[in-house]
Amino acid sequence: MNKTRHSLSKSNVIENIPLACSDETAAVEFFEFQRWGDTPCCVRCGSVDVYQMKDAKTGARNKRYLWRCHDCREQFTVRIGTVYEESRLPLKNWAYAFWRGATSKKGVSALEIKRHCQISYKSALFLMNRIRYAMAPDVPTAPPLTGIVECDETYVGGKPRNKFIDNRKVENMKKKAIVFGAVERGGSIRRHIIADVTGKTLKQAIARVVDPRSRIMTDEYVGYKGIGPSFEGGHDTIRHKRGQYAKGDITTNTIESSFALVKRGIIGTYHNVSHEYLHRYLWQFDFLWNGRKLNDGERTVLAIRSAEGKRMMYSAPAQPF
Ligand SMILES: [Zn+2]
């Protein structure tokens with residue numbers, strides 16, 4: 001195996017990211033190191049008997065950063081089998097977009113990526129959509145939430161069940177997406193779009209993401225009535241209508257503040273997000289929340305590593321449930 005310039009990313013990731021964002025070779029090696037560590041392997045057959053292809057004249061790496069496998073003779077690059085496989089954008093732009101997407105608490109707009117990377121708006125949108133997809137949870141294997149789990153629902157733009165007085169508002173609200181969220185106290189969050197706020201829908205939403213051994217906390221909304229027996233820890237409610245926000249350890253403040261962050265991000269950074277695309281933004285906000293204890297470099301690397309095995313996305317996948 002013929003390796004050159006493997007200076008990147010062995011030590012502090014944060015120190016390496018700015019270089020990976022400005023130099024294409026550094027970016028390629030950064031992505032290669034995140035994917036393979038010290039043992040690059042063939043993406044077709046898994047062999048580690050692989051080598052970098054070189055330019056015959058200069059001896060530098062091949063322009064396309066190709067590798068070749070001694071066993072199956074196939075050529076490949078680090079892009080194969082990832083969300084950036086179909087892209088012609090330089091990997092330094094991907095490095096920058098991953099970095100910003102994984103570290104900006106309120107999200108990062110395609111307009112900003114367009115300006116900073118000097119690429120078209122369309123390319124920037126493509127980039128950010130795929131990065132959000134990389135951040136999506138692997139639904140079949142994601143562990144259910146457990147312990148004390150706060151559940152709540154919201155409309156992006158208001159809490160309509162409290163506003164059903166004005167008929168025009170009912171019409172407006174019908175256009176908004178309803179987001180259900182459940183958060184483990186001190187742990188992970190899972191949010192997804194639901195069709196309505198009936199008891200049946202809310203109970204299904206909870207059952208999908210919460211372990212039956214958990215203790216559930218919600219506000220007094222009637223849709224949550226009767227869920228207690230399904231959970232070993234029971235169901236406690238807080239009465240917001242009576243101005244109550246905490247009763248002992250019973251509160252839904254965590255899930256509510258998490259919704260506030262999403263709304264600030266969506267209004268402040270993205271200005272608006274159509275119903276159809278909202279779930280992708282939820283992936284990103286959940287990813288940021290769930291990785292909040294990691295440093296910026298670790299969170300960026302986690303996003304990049306999550307991009308592997310997610311190639312099948314030409315158009316956007318629908319919400320996984
Ligand atoms: Zn091979």
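The following legends describe close-up views of a predicted model.

**View 1. The zinc ion is held by four cysteine sulfur atoms.** The protein donors are the SG atoms of Cys42, Cys45, Cys69 and Cys72, lying 2.3 Å from the metal. Along the chain, these donors of the zinc ion follow the spacing C-x2-C-x23-C-x2-C. The 4 donor atoms subtend angles of 105 to 118 degrees around the zinc ion, and the arrangement is therefore tetrahedral. For four tetrahedral donors, the ideal angle at a metal is 109.5 degrees. Two of the donor residues may be compared by their accessibility. Cys69 has a relative accessibility of 0% and so counts as buried, whereas Cys72 has a relative accessible area of 28% and is partly exposed.

**View 2. Strands β1, β2 and β3 form an open antiparallel sheet.** The 3 strands are arranged in the order β1-β2-β3. The edges are occupied by β1 (50–52) and β3 (75–76); each has a single partner strand, so one side of each is left without a neighbour in the sheet. Strand β2, which spans residues 67–69, is joined to β3 by 2 bridges, and the two run antiparallel. Within this pairing, Trp67 stands opposite Phe76 of β3. In general, the strands of a sheet pair through backbone hydrogen bonds, in either a parallel or an antiparallel manner.

**View 3. Arg73 lies in the loop between β2 and β3.** Although Arg73 is not a glycine, its phi is positive, at about 70 degrees. With a relative accessible area of 44%, Arg73 is partly exposed.

**View 4. Arg44 is located in the loop between α2 (24–36) and β1.** Arg44 has a relative accessibility of 46% and therefore counts as partly exposed. Its C-alpha atom is separated by 9.8 Å from that of Gly81, and the two residues are 37 residues apart along the chain.

**View 5. Gln118 occupies the loop between helices α4 (110–117) and α5 (121–135).** The phi of Gln118 is positive, at about 55 degrees, although this residue is not a glycine. At a relative accessibility of 73%, Gln118 counts as exposed, the cut-off for that class being over 50%.

**View 6. Strand β4 pairs with both β5 and β7.** Strand β4 comprises residues 148–155 and is mostly covered, with 7 of its 8 residues buried. On one pairing, 3 bridges join β4 to strand β7 (residues 215–219), and these strands run parallel. Val149 stands opposite Ile216 of β7. On the other pairing, β4 and β5 are joined by 7 bridges and run antiparallel. Here Thr154 has Val179 in β5 as its bridge partner. As a general matter, side chains in a regular strand alternate between the two faces of the sheet.

**View 7. Strands β5 and β6 form a hairpin with 4 residues between the strands.** Strand β5 (residues 178–184) is joined to β6 by 6 bridges, and the strands run antiparallel. Val183 stands opposite Ile189 in β6. In this hairpin, Gly186 takes a positive phi near 75 degrees. Strand β6 itself, residues 189–194, is mostly covered: 6 of its 6 residues are buried.

**View 8. The largest cavity is lined by residues that include Thr154 and Val179.** The structure holds 1 cavity of 30 Å³ or more, and the volume of the largest cavity is about 30 Å³. The residues lining this cavity are Thr154, Val156, Val179, Phe259, Val262, Lys263 and Leu282. Helix α8 (residues 253–268) supplies the largest share of the lining, namely 3 residues. By character, the lining divides into 5 nonpolar residues, 1 polar residue and 1 charged residue. Two of the lining residues, Thr154 and Val179, also appear in View 6, where Val179 of β5 is the bridge partner of Thr154.

Notes
Residues numbered from 1 in each chain as written. Predicted model: local features only at pLDDT ≥ 70, side-chain atom pairs only at ≥ 80, totals over all residues. Heavy atoms only, no water. Buried < 20%, exposed > 50% of the residue type's maximum accessible area, 1.4 Å probe, protein only. Pairing = 2+ DSSP bridges. Donors = N, O, S within 2.8 Å, 3.2 Å for Na, K, Ca; no water. Tetrahedral: all angles 85-135°; square planar, octahedral: opposite > 155°, others 65-115°. 1 Å grid on protein atoms, 1.4 Å probe; cavity = no way out; pocket = protein on both sides within 12 Å on 5 of 7 lines; lining within 4 Å. Points joined across faces, edges and corners; volume = space filled by probe spheres on them. Nonpolar A, V, L, I, M, F, W, Y, C, P; charged D, E, K, R; others polar.
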